[in-house]
Amino acid sequence: MRLDKFLSLSGERSRSEAGKLIRSGAVRVDGQVVLRPETQVSETAQVTLGGQVIGDSSSQYYMLHKPAGVLTAARDSRAATVMDLVPENLRKRKVLPVGRLDKDTTGLLLMTNDGALAHFLLSPNRHVWKQYRATVTGQLTAADVQAFAGGLQLSDFEAKPAKLTVLTSAPDQSTALVEVREGKFHQVKRMFAATGHEVIALHRAAFGPLTLPEDLPVGQCRPLTPDEVESLRQSVQTRREDGE
Ligand code: URA
């Protein structure tokens, strides 16, 4: 990622303000002053502004057990959003959802004001796996498992290979675990639709290394532990194919 983008995602400043700060000599990457806003920084780089590490103490990391019927949006004039479920002080500190779950999808939603980490977690080339539990119409078979494993051609893109584990299979309804590493709009629902199944219920059980704890009630959020934050950082370091 470009240094000016990193700085603007990590604080409340525009890209051009970030550029000015960089050119003024106030920003160091791994201890060295860097003057070019277009310099690429990796997710492991330590970036400081006036001696303060960026994206550290001010960053907040939460997981929310999203209920059905709530929009994943910063705000909506009519419908309830996930922001209504987080404490006021987090809203003030610009904690936002990482990616989105559909209104009727339940489960683990990560929320943070660390824009740089969120960006890396959402990058399709980082291979951060998300695991969903799905209830679908019709009988899931080995042919569906193979179709998911081979990648599915959807109307506007080819979904990357995904792992489908059938849990229960009956003629009218089946349940399965699905692991995908992309996060396109309605991705899981569209993958099932491509194999002739309609999703009746969808629940995200895991996001990268994080699993939704059984004791986190629906509609509640809790801060991530330092180990959980570290595991998220590790998860985006494994592969980089997008030249950031
Ligand atoms: N895939 C979907 O279709 N919906 C979600 O909410 C998440 C993944």
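For sorting residues by class, Ala, Val, Leu, Ile, Met, Phe, Trp, Tyr, Cys and Pro count as nonpolar, Asp, Glu, Lys and Arg as charged, and the others, Gly among them, as polar. With that in hand, here are some exercises on this predicted model.

**Exercise 1. Sort the residues around the ligand by class.**

Solution. Start with the list: the ligand is surrounded by Leu101, Asp102, Thr105, Tyr132, His186, Gln187, Val188, Lys189 and Leu202. Next, apply the classes. Leu101, Tyr132, Val188 and Leu202 go with the nonpolar group. Asp102 and Lys189 are charged, while Thr105, His186 and Gln187 fall under polar. The tally for the shell is therefore four nonpolar, three polar and two charged residues.

**Exercise 2. Find which helix and which domains supply the shell around the ligand.**

Solution. Take the helix to begin with: H6, spanning residues 187–194, gives the largest share of the shell, three residues. Then turn to the domains. Domain 2 (61–124 + 210–241) and domain 3 (129–207) each provide at least three residues of the shell.

**Exercise 3. List the backbone atoms that make polar contacts with the ligand, and say how much of the ligand is covered.**

Solution. Go through the backbone N or O atoms in turn, using a cut-off of 3.5 Å between N or O atoms.

- Histidine 186 places one such atom 3.3 Å from a ligand oxygen.
- Valine 188 has one at 3.1 Å from a ligand nitrogen.
- Lysine 189 has one at 3.0 Å from a ligand oxygen.

As for cover, the ligand on its own has 240 Å² of accessible area, and the protein covers 95% of it.

**Exercise 4. Is threonine 112 buried or exposed, and what does its side chain pair with?**

Solution. First place the residue: threonine 112 belongs to strand E7, residues 106–112. Its relative accessible area is 7%, so threonine 112 is buried, the cut-off being under 20%. Now look at the side chain. One of its polar atoms is 2.7 Å from the backbone oxygen of glutamine 60, and the backbone nitrogen of aspartate 114 is 2.9 Å from a polar atom of that side chain. Beyond four places in sequence, the contacts of threonine 112 include Gln60, Tyr61, Lys94 and Ala118.

**Exercise 5. Describe how domain 2 and domain 3 are placed relative to each other.**

Solution. Begin with the assignment, which divides the chain into domain 1 (3–54), domain 2 (61–124 + 210–241) and domain 3 (129–207). From C-alpha centre to C-alpha centre, domain 2 and domain 3 are 22 Å apart. Their contact involves 18 residues from domain 2 and 12 residues from domain 3.

Definitions and conventions
Residues numbered from 1 in each chain as written. Predicted model: local features only at pLDDT ≥ 70, side-chain atom pairs only at ≥ 80, totals over all residues. Heavy atoms only, no water. Near = heavy atom within 4 Å. Polar contact = N/O pair within 3.5 Å; in protein donor to acceptor, adjacent residues only side chain to side chain. Areas by Shrake-Rupley, 256 points an atom, 1.4 Å probe, with all protein chains shown as cover. Helix = DSSP H or I, 4+ residues; strand = E, 2+ residues; numbered from the N terminus. Domains from an automatic or database assignment. Buried < 20%, exposed > 50% of the residue type's maximum accessible area, 1.4 Å probe, protein only. Contact = heavy atoms within 4.5 Å.
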